[in-house]
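I opened the model today with a short list of things to look up. Here are my notes, in the order I made them.

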Number of protein chains: 2
Amino acid sequence: MASLNIPDSNLERVVIIGCGFGGLNLAKKLDHNRYQVVMIDKHNYHTFQPLLYQVATAGLEPDSIAYPIRNIFRKVPNFYFRLAEAQEIDSDRKVLKCNIGELEFDHLVIATGSNTNYFGMENVEKLAMPMKTVPEALNLRSLILQNFEAASLSQDLKEREALMNFVIVGAGPTGTELAGALAELKSHVLPNDYPDLDFRRMSIHLVEMADKVLPPMSEFSSTKALQYLESLGVQVWLNTAVKEYNGKVVKTNKKDLPASTLIWAAGVSGNIIKGLKPDEDFKGGRYLVNEYNQIGEHQSIYALGDVAAMCSEAKPKGHPMLAQLAIQQGQNLAKNLNRSKQDKDWRKFQYKDMGTMATVGRNKAVAELYNKIMLKGFPGWAVWMLVHLISLVGFRNKLVTLMNWVINYFSYDRKIRLIIRPWKSKL
Amino acid sequence: MASLNIPDSNLERVVIIGCGFGGLNLAKKLDHNRYQVVMIDKHNYHTFQPLLYQVATAGLEPDSIAYPIRNIFRKVPNFYFRLAEAQEIDSDRKVLKCNIGELEFDHLVIATGSNTNYFGMENVEKLAMPMKTVPEALNLRSLILQNFEAASLSQDLKEREALMNFVIVGAGPTGTELAGALAELKSHVLPNDYPDLDFRRMSIHLVEMADKVLPPMSEFSSTKALQYLESLGVQVWLNTAVKEYNGKVVKTNKKDLPASTLIWAAGVSGNIIKGLKPDEDFKGGRYLVNEYNQIGEHQSIYALGDVAAMCSEAKPKGHPMLAQLAIQQGQNLAKNLNRSKQDKDWRKFQYKDMGTMATVGRNKAVAELYNKIMLKGFPGWAVWMLVHLISLVGFRNKLVTLMNWVINYFSYDRKIRLIIRPWKSKL
């Protein structure tokens, strides 16, 4: 059996699957002299998902929102990164099976996050564009631009219009921010690039099942965000559900929308790994965890963040899937594992809600801080930028992002409009 | 027949194939009130090829050395860009056939540049990595990093060593600069990322058929560059030719070099398009042009830059394939076409050699300015950086590149180490 080539150690081994917000913060806070930490990820970089939509809309380079994992943990003792895919958990033998071999663990932390959920609609899954990873965001950027190249060739008015129409499903923060960014491309950037196209024919539709945009936010923020979206020309369809898509027309329970591009930001489900017990250990596509993030009776198997459902009487479905929650759960689990080594009791997880925010466009954002301070307009937008800039990993990334934002702000432009699809490796 | 949807005009139409240095400068200088200009390119961006090697070695983002073509020509009247591939020239009908339709022309300019030439070695072509385009540079970056991920898994010492060995063929500026950049990754960056690997086992081989590195440069520069390469630990093999490659071992006329990665920077040949007359119009894989860049007897079909061989008694094989030459030929042809409209005679092309330069590493470069001033060390390096920075298209690109260079210089790091291979489009 192939191995992951991790040296033996007399320290307990913590295996972390996934270097998203949860896994990253757990691995950082663990006591590296008391535990051997093995991090597994399919990518060699941490992705700052909240800014993916700016990569998809030509505002930021992919390299400024992603950071190499090995660089984050350089010079950290007893830390090992392996570029690998987790395939199955054998809880009896305490072994994780990966595509490149088996790995024994003392503690296993599942921090695999979530993936796009198409609710069983096969055609939508085949034809819609997701936006959960850097390659997906780059693909979306290329597709948007290719559509306009194709539209400028087409003499069929109906085809041209479909190429210039975009339907975004899901008016959570991702869908709302993406719709706003596309609207800004429409008003400031694309008409200069494609002077022979009539941009009154470009439509951006935002489709949402709930009766408001940004469903998890307050009435104040939702109303304001809807105003912003409409002022930018986005057509918002509330109480509307997608039923079918054939690559040309999006069928909903209300109206058919012709569009070559359907962007799916509507639903996510946990990234589950084979193994464990379906009946006891799962709830709604996530791992059912207690307040210490432990899964069922497996004392030393944990789940964090999006993939974990920490249910209580107050929260029967668990916490919402938010970056902040994953960060705090990662930090709490790290502290608890460290407390074990100091013979101290574990502490239950308590969520400190620091607020939510979403930006629709230049000077147009809503922010709710600590559920008390409500901001909109320029102040909301400034706070949004500041929080995201601070949260980015790495000095270079912060600097490049800030610089791009300043240039984009003053030039009303988005310069990173390359259609790039690297070929597959020859090997 | 599909068309490229270019509006009719009473202006003469100049069709330019390729937005490299030649095509770009031609299109910029043409009188846009006297000619309708149609630019065709396979990519929607201009690539600054001299810095591709820094993309391949994680020093720069691809987005900072490429610039969207439509943005360069925004607001330019009578200019049309089409994302298309030229397939065949019909010189009798004055029509260019593309993958998306036919295009009539009054003047046709072939500025398609050059492509990697493997001199008929099929296995090398299949297994070696070229580095002429942005996607190729990104693929190379991913491959280099994947090799180290694989090496850290391997327990077979021989396999591990092959994964850590790199053979670069061709010690022109590209090969020399790439070898230097890899050597700097070896000494400053990779050992921090892969502490479990023994970097004394990593080798960088630079293989060159001629008897010196940087063959087109002076003895002074070649000697100095060789010294720099050796001081960085690059193993230089002069008078050495590659014979065969099987993915594991590079066979040369001298020694066999075990290496999983063969990077081919050895030869280029012109990107020829079907059509025209093989006997009269070609020379050594390039279009044979007169001093006005006209091909054979086709008065209004021209070739520029790498793809053109402007032969004279002094230069029986034509000029060398250099960015500068393409730029000057593009500018000269634009002036001549503009002179036609002013009833003035055309002027013959005269090459002003402003010098050549190559950088091997930090504070290590050679530069020959106007074939008189010879620079090395820090001054050569500073001039190299200045010239490349000035030549980059776009303010944002200059700024991001400068910033990356400053950060890389002081941190001894290369941060852009993401393994990214976007998936193919679903469509």
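**Ground rules.** I call a residue buried if 20 or more other C-beta atoms lie within 10 Å of its own, exposed if 12 or fewer, and partly exposed in between, with C-beta atoms placed from the backbone. This is a predicted model, and I kept to its limits: local features need pLDDT of at least 70, side-chain atom pairs count only at pLDDT 80 or more, and totals for chains, interfaces and linings use all residues. Residues are numbered from 1 along each chain as its sequence is written, while chains are lettered from A and ligands numbered from 1 in the order in which they are written. Helices (H or I, at least four residues) and strands (E, at least two) are DSSP runs, numbered from the N terminus.

**Entry 1: helix H11 of chain B.** I started with H11(B), residues 377-391. Which of its residues are buried? I found B:Gly380, B:Trp381 and B:Trp384. They lie on the same side of H11(B), because they cover an arc of only 100° around the axis; the arc is that of the directions from the helix axis to the C-beta atoms. That sent me to a textbook reminder: an α-helix has 3.6 residues a turn, so residues three or four places apart point the same way. On the other side of H11(B) I noted B:Phe378, B:Leu386 and B:Ile390 as exposed. The buried residues pack against strands E25 (355-361), E26 (364-369) and E27 (373-376) of chain B. Contact here is for two residues with C-beta atoms, placed from the backbone, within 7 Å. I also checked the length: the end C-alpha atoms are 21 Å apart, which agrees with the 21 Å that 15 residues should span at 1.5 Å a residue. The expected span is 1.5 Å times one less than the number of residues.

**Entry 2: helix H12 of chain B.** Next I took H12(B), residues 395-411, which reaches 24 Å from its first C-alpha to its last, close to the 24 Å expected for 17 residues. Its buried residues are B:Arg396, B:Asn397, B:Val400, B:Thr401, B:Asn404 and B:Asn408. Seen down the axis, they fall within an arc of 120°, so they line one face of H12(B). The face turned away from that buried side carries exposed B:Phe395, B:Val406, B:Tyr409 and B:Phe410. What do the buried residues of H12(B) pack against? My list reads H12 of chain A, together with strand E4 (66-68) and H11 of chain B.

**Entry 3: the contact between chains.** That partner in chain A led me to the whole contact, which takes 48 residues from chain A and 48 residues from chain B. On the chain A side, strand E4 (66-68) and helices H3 (69-72), H4 (122-127), H5 (134-151), H7 (173-193) and H12 (395-411) each supply at least two residues. H5(A) gives the most, with seven residues. I sorted this side into 24 nonpolar, 10 polar and 14 charged residues. The classes are: Ala, Val, Leu, Ile, Met, Phe, Trp, Tyr, Cys and Pro nonpolar; Asp, Glu, Lys and Arg charged; the others, Gly among them, polar.

**Entry 4: positive phi.** Which way does phi go just after H12(B)? B:Tyr412 takes a positive phi of about 55° there. In chain A, A:Tyr412 also has a positive phi of about 55° although it is not a glycine, and A:Tyr412 counts as exposed because it has 12 C-beta neighbours inside 10 Å. I added B:Lys75, whose phi is near 65°. B:Lys75 lies in the loop between helix H3 (69-72) and strand E5 (79-83) of chain B.

**Entry 5: two buried residues.** B:Tyr53 is in helix H2 (residues 52-56) of chain B. Why do I call B:Tyr53 buried? B:Tyr53 counts as buried because it has 27 C-beta neighbours inside 10 Å. Leaving out residues up to four places away in sequence, B:Tyr53 touches B:Met131, B:Thr174, B:Glu177, B:Leu178 and B:Ala181. With the same kind of exclusion, within four places, B:Ile263 is in contact with residues including B:Met131 and B:Leu178.
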